[in-house]
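Subject: Structure for you to look at

Hi,

Here is the structure I said I'd pass on. Have a look first, and my notes on what turned up are underneath.

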Amino acid sequence: QEAAELSAKLLRQPLNADDAVRLALLNNPELQARFAELGVAEAQAVESSLLRNPFLHAALQTPRGDGRNALDFSVSWDLLGLFSLPLRQAAAADARNSARLQAAAHTLRLAADTRIAWYADHSARESVERLRDMQESSDLIAEISKRLEAAGNQAGLARADVQAASMQSRYALEDAEAQVEATQARLLGLLGVERMPSLPERIPRLPQLDPKAPSRDELEERHLDLTLLKAQLAQAEKRAGSSQRETWTDGLEAEWSWSRESDGAWQDGPGICIGSPLFNTRAAARAAAGFEVERLQANLSARRAEVLREAKLAETAMRRARARVEHLRENLLPLLAEAQDTALLEYNAMHRSVAQLLDLKRREQDAIRQLVQGLGEYWQARTALEALHLGVSIASPASVATPRASARAAETGH
């Protein structure tokens, strides 16, 4: 009930990135399943700390000749289970620790995935807004070109060119709208809600400072994947060692039996039952335990190298996105604004047409769209880098891809 009230409170206002993370932590069903696995691990740990129940055996033997029936009773206990109890308890504790590490990693990864999905959806929405403005400008230019051709003031080639540009802008807008649907579906799944919440109007701007990539030592100490693999390797080494000690038997039971012979006399006494490794010498199990150790050692080495590459790639992507945004903001956009001012003066002097003014405006909107996409890419890469500092990896930040039609329009200036 408290979680539902807090979720409703968060949804009553525009959802920023931090609130989106809080909402996901409250509602995400996969996270709840991970926490349920902790309960399973705790229950299994308790189960592993208990001895097996004793066995009660009873037998009735009927003589073929004269005499009374013979009765045999016995109670047996699993001695091997008693000797292996510390090992089973240690294995259960390791499994419980692994479940905790996995739950912690899933929680941190969910927070980072939600933040990335929020930035991706926000930049996709703003890109659609800019593309709609560009589409309106393209349609106006196409209409003006059509009228100029009808009046005999423009060749047909120019009209075909602007109409093709208008169609390309429309295709780019359709692609961007499809991208918004995809980012919304992703974000809704992470948030665990059915309706898309309202978001702030603009994506956050660049901060002053950027985080650095974590060092090799920091990743070795903090990364939960490495911690989990090292724990699994230690468990596998223990199992490999214990499998070497289990070659002599796979069962050992102590018992106390009572017998009534056919003459009515009772006898009782201790007994022992030892499993004989006649058919199964457990050689395959020992070999499998050794191969498991080798597999985990190789996985650990590969994962170490992989997380280092992830850190370098995330830092490179973040710095590249910052450089692109700063260049657009400090160079291209001021240049386009200056060009528009000059074109307006020339238009007043009848040296420029309305279509040329609209084309400059469209190019400015495309530059703003690229800036918004760059901001989205920056924040997604930064989130991936910050997640590595916290000890988790996420999938490569899938920044909102620029639609091909839009890319072509940017290259051609249409």
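Start with L15. Leaving out residues up to four places away in sequence, L15 touches L10, A20, L23, W118, L191, P197, S198, L199 and P200. Keep in mind that this is a predicted model.

L15 also shows up in the largest nonpolar core, which has 44 residues. Together with W118 and L191, L15 is among those with the most contacts inside that core. Which helices feed it? At least two residues each come from α2 (17-27), α5 (85-150), α6 (156-191), α8 (224-244), α9 (283-348) and α10 (354-390). The largest share belongs to α10, with ten residues. There is also a second, separate core of 14 residues, and L226, L229, A236 and L296 are among its members.

Now the aromatics. The count comes to three aromatic pairs, and here are two that I'd pull up on screen:

- W118 and Y119: the ring centres are 5.2 Å apart and the planes sit at 85 degrees, so this pair is edge-to-face. Both W118 and Y119 are buried.
- Y378 and W379: edge-to-face again, with 5.3 Å centre to centre and 80 degrees between the planes.

Are Y378 and W379 buried or exposed? Y378 has 0% relative accessibility, so it counts as buried. W379 comes out at 12% relative accessibility, and therefore W379 counts as buried too. What ties the two pairs together is that W118, Y119, Y378 and W379 form one aromatic cluster. W118 is worth a second click, since you'll meet this residue in the cluster, in the list of L15 contacts and among the residues with the most contacts inside the largest core.

Last item: the N-terminal helices. How do α1 and α2 cross? The axes of α1 (residues 2-11) and α2 come within 10 Å, at a crossing angle of roughly 155 degrees. Angles over 145 degrees count as roughly antiparallel, so that is the label for α1 relative to α2. The crossing is left-handed. On the α1 side, the residues involved are A3, L6, S7, L10 and L11; they meet D19, R22, L23, L26 and N27 in α2. Two names there should look familiar: L10 and L23 are also touched by L15.

That's what I have for now. Shout if you'd like to go through any of it together.

Cheers

Note on methods
Residues are numbered from 1 along each chain as its sequence is written. This is a predicted model: local features need pLDDT of at least 70, side-chain atom pairs count only at pLDDT 80 or more; totals for chains, interfaces and linings use all residues. Side-chain values use heavy atoms; hydrogens and water are left out. A nonpolar core is a set of buried Ala, Val, Leu, Ile, Met, Phe, Trp, Tyr and Cys residues joined through side-chain atoms within 4.5 Å. Buried means under 20% relative accessible area, exposed over 50%, partly exposed in between (1.4 Å probe, protein chains only). Helices (H or I, at least four residues) and strands (E, at least two) are DSSP runs, numbered from the N terminus. Contact means heavy atoms within 4.5 Å. Rings of Phe, Tyr and Trp (its six-membered ring) pair if their centres lie within 6.5 Å; planes under 30 degrees apart count as stacked, over 60 as edge-to-face and the rest as tilted. Axes are lines fitted to C-alpha atoms, for helices over the stretch in contact, and angles run from 0 to 180 degrees between N-to-C directions. Angles under 35 degrees count as roughly parallel, over 145 as roughly antiparallel, 65 to 115 as roughly perpendicular and the rest as oblique. A crossing is left-handed if the near helix is turned anticlockwise from the far one by less than a right angle, and right-handed if clockwise.
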